[in-house]
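The following exercises ask the student to read a protein model step by step. Each task is followed by a worked solution.

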Amino acid sequence: MNNSFKQAYWDEPLIFELGSRGRRGYIVPEPGEDVKRAVGEIGIPERIRRKKKPQLPEVSEVEVTRHYTRLTEMSYGVDNGPVPLGSCTMKYNPRLGWEVVSDRRVSWIHPLQDEDTIQGLLELLYNLQRWLANIVGMDKCTLHPAAGAHGELTGMLITRKYHVLRGQIGVKREIIIPDSAHGTNPASASMAGFTVVEVPSSSDGNIDLDALRSVVGDSTAGLMITNPSTLGLFEENIGEIVELIHGVDGLLYYDGANLNGIMGYTRPGDMGFDIAHINIHKTFGSPHGGGGPGAGPVCVKDRIVDDERGIRLGDLLPGYIVEYDEDRDRYYLKGPGEYSIGLLKAFFGNTGPLLWGLTYILMLGSRGLRMVTEQAVLNTNYFKKLMEDARGYDIPYGRGRWRKHEVVLSAKPLYDETGVSALDVAKGLLDHGFYAPTIYFPLIVEEALMTEFTESEKLENIEKYADILKRIADTAYRDPEEPHKWPRNTSVGRIDEVKANHPKTLAPTWRIYLMKSKHGEEK
């Protein structure tokens, strides 16, 4: 990237800093008498009425178009190239899903609309509930939770309610979580009022069974794990683990973050799990992160909670669940029952990503979903094979074992021998036009580079990625100072990591302050 082009990015102004006074791209018509009358009828209190017109950017249409086009060129996503963020599963988002969710018959539906007018939508969501439950081997499902961590909290609140209804919440205080767990698990358990007990991983990548046995007891409320783990390894002792937890009347919660590594081959419910959440934006193709809202359905086994009162685990599910009345041939939303943990957000759920996920399932079918897993696992292990003997890198925990959806490299040899860290490696990947993997996670791997290509990536890109990692290491051994200067070819160069994470140095806030000062407005 030449300096003038790069400098243009550095100097890209805010939209408020463009244009001139009086310039317009669109003129909003004056409100008619009917609008003025409606505003008057609403009776907006004087104290909250706007005293002057909103200060909108005064720019032409072409300026707006060019400004946001430039911003998109500064961004990077799955439409540009691989985003191998381990644990985040950033797969390609099929455009057919976008067509479905942007259809006016979907996007214009109101949450309070009469159910008789949305029977088609309810039928789709009813089927999605059933299909997701089947995919993870569970019996009942709610689409209510808004995202993955929200699903985790849901699972922990269900666990808590289970023990409350059994009269043992005063005793059942602890949730066991392996050190290879997904990052938000401990927070979710803590928010539900539990004490977190961490157990270590063995050198083979499995949970240390001796350590687990030493902490399982009467106070154990449950266990949270994802399988495969964040190391990309399938837990080989899952049967014995299930017996240990169920033996003390604990529940097993399955974090669905890594479902992409087993879908179609095995199911959490068949392993013995009682509760599972599913990341629609990870496994079923809806946009992840900045692409839109997530969805984290939670499914449960129809396990007995209280036989005398006829309570089952499905009765604890939160939110509105779509049910079907065969006699009336009508779909309807069933609200929280007597034993439900209640509502965790407003209304039903994030319908857009849910329908995107449903479209993904319909596009692929059962065989196609199985092929997703096959291709994802194949891509991961091909990359692992390319990097096994690469200078400067190591693959800790179960080095000889096959991975599932992801593999965690360690740049510790490179760091020890040259001082070049995982962060420097990540910056080097950006300089070569690729997105960096997840770094420094899981915490049990020093200088971690957690990499997941998913089923979306082609062979050539995986080979290029591995080649660039090797070239970065070669540069580090030849000139250890050079990687500390990366990236050079991005719109923003190397930043001060400490300063960037300090709340007082948030750039947008500071620039708005300067902009207001320049125009003589209130600071």
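**Exercise 1. Determine how many bridges join β13 to β14 and in which direction the two strands run. Then place both strands in their sheet.**

Solution. The model is a predicted one.
Step 1. Strand β14 comprises residues 448–451, and 2 bridges join β13 to β14. The two strands run antiparallel.
Step 2. As a matched position in this pair, I439 stands opposite L449 in β14.
Step 3. The open sheet is formed by 3 strands, and their order is β12-β14-β13, with antiparallel pairing. The strands at the edges are β12 (407–410) and β13 (438–439), each of which pairs on one side only.
Step 4. In general, the strands of a sheet pair through backbone hydrogen bonds, and the pairing may be parallel or antiparallel.

**Exercise 2. Describe the pairing of strands β10 and β11 and state how many residues lie between them.**

Solution.
Step 1. Strand β10 covers residues 321–325 and strand β11 covers residues 330–334; 5 bridges join them, and they run antiparallel.
Step 2. Within this pair, Y324 stands opposite Y331 in β11.
Step 3. The two strands form a hairpin with 4 residues between them. In the turn, D329 has a positive phi of about 50°.

**Exercise 3. Compare the end-to-end distance of helix α13 with that of a straight helix, and locate the bend.**

Solution.
Step 1. Helix α13 spans residues 351–387 and therefore has 37 residues; the expected span is 1.5 Å times one less than the number of residues.
Step 2. A straight helix would reach 54 Å, but the end C-alpha atoms of α13 are only 41 Å apart.
Step 3. A bend is found at G365, where α13 turns by about 100°.

**Exercise 4. Trace the salt bridges of R166 and D274, and classify R166, D249 and D274 as buried, partly exposed or exposed.**

Solution.
Step 1. Side chains of opposite charge can pair when their charged atoms come close. The model contains 28 salt bridges in total.
Step 2. R166 forms a salt bridge with D249, and the closest N and O atoms are 2.9 Å apart. This pair links distant parts of the chain, 83 residues apart: R166 lies in the loop between α7 (148–165) and β2 (174–178), and D249 in the loop between α10 (238–246) and β5 (251–254).
Step 3. D274 forms a salt bridge with R303, with the closest N and O atoms 3.1 Å apart. Here too distant parts of the chain are linked, 29 residues apart: D274 is in the loop between α11 (268–271) and β6 (275–277), and R303 in the loop between β7 (298–300) and β8 (304–306).
Step 4. Salt bridges that share partners join R166, D249, D274 and R303 into one network.
Step 5. Buried means under 20% relative accessible area. D249 is buried because its value is 16%, and D274 is buried because its value is 4%. R166 counts as partly exposed because its relative accessibility is 35%.

**Exercise 5. Identify which residues make a nonpolar surface patch with I42, and decide whether I42 is buried or exposed.**

Solution.
Step 1. The patch of about 300 Å² is made by I42, I44 and I48.
Step 2. I42 is located in helix α2, which covers residues 33–42.
Step 3. The limit for exposed is over 50%. I42 has a relative accessibility of 63% and therefore counts as exposed.

Key:
Residues are numbered from 1 along each chain as its sequence is written. This is a predicted model: local features need pLDDT of at least 70, side-chain atom pairs count only at pLDDT 80 or more; totals for chains, interfaces and linings use all residues. Side-chain values use heavy atoms; hydrogens and water are left out. Patches are made of residues with over 30% relative accessible area and no salt bridge: like charges are joined within 9 Å, nonpolar side chains (Val, Leu, Ile, Met, Phe, Trp, Tyr) within 5 Å. Accessible areas come from the Shrake-Rupley method with a 1.4 Å probe; for residues, only the protein chains shown count as cover. A salt bridge is a side-chain nitrogen of Lys or Arg within 4 Å of a carboxyl oxygen of Asp or Glu. Buried means under 20% relative accessible area, exposed over 50%, partly exposed in between (1.4 Å probe, protein chains only). The bend at a residue is the angle between axes fitted to the seven residues ending there and the seven starting there. Two strands pair if DSSP finds at least two bridges between them.
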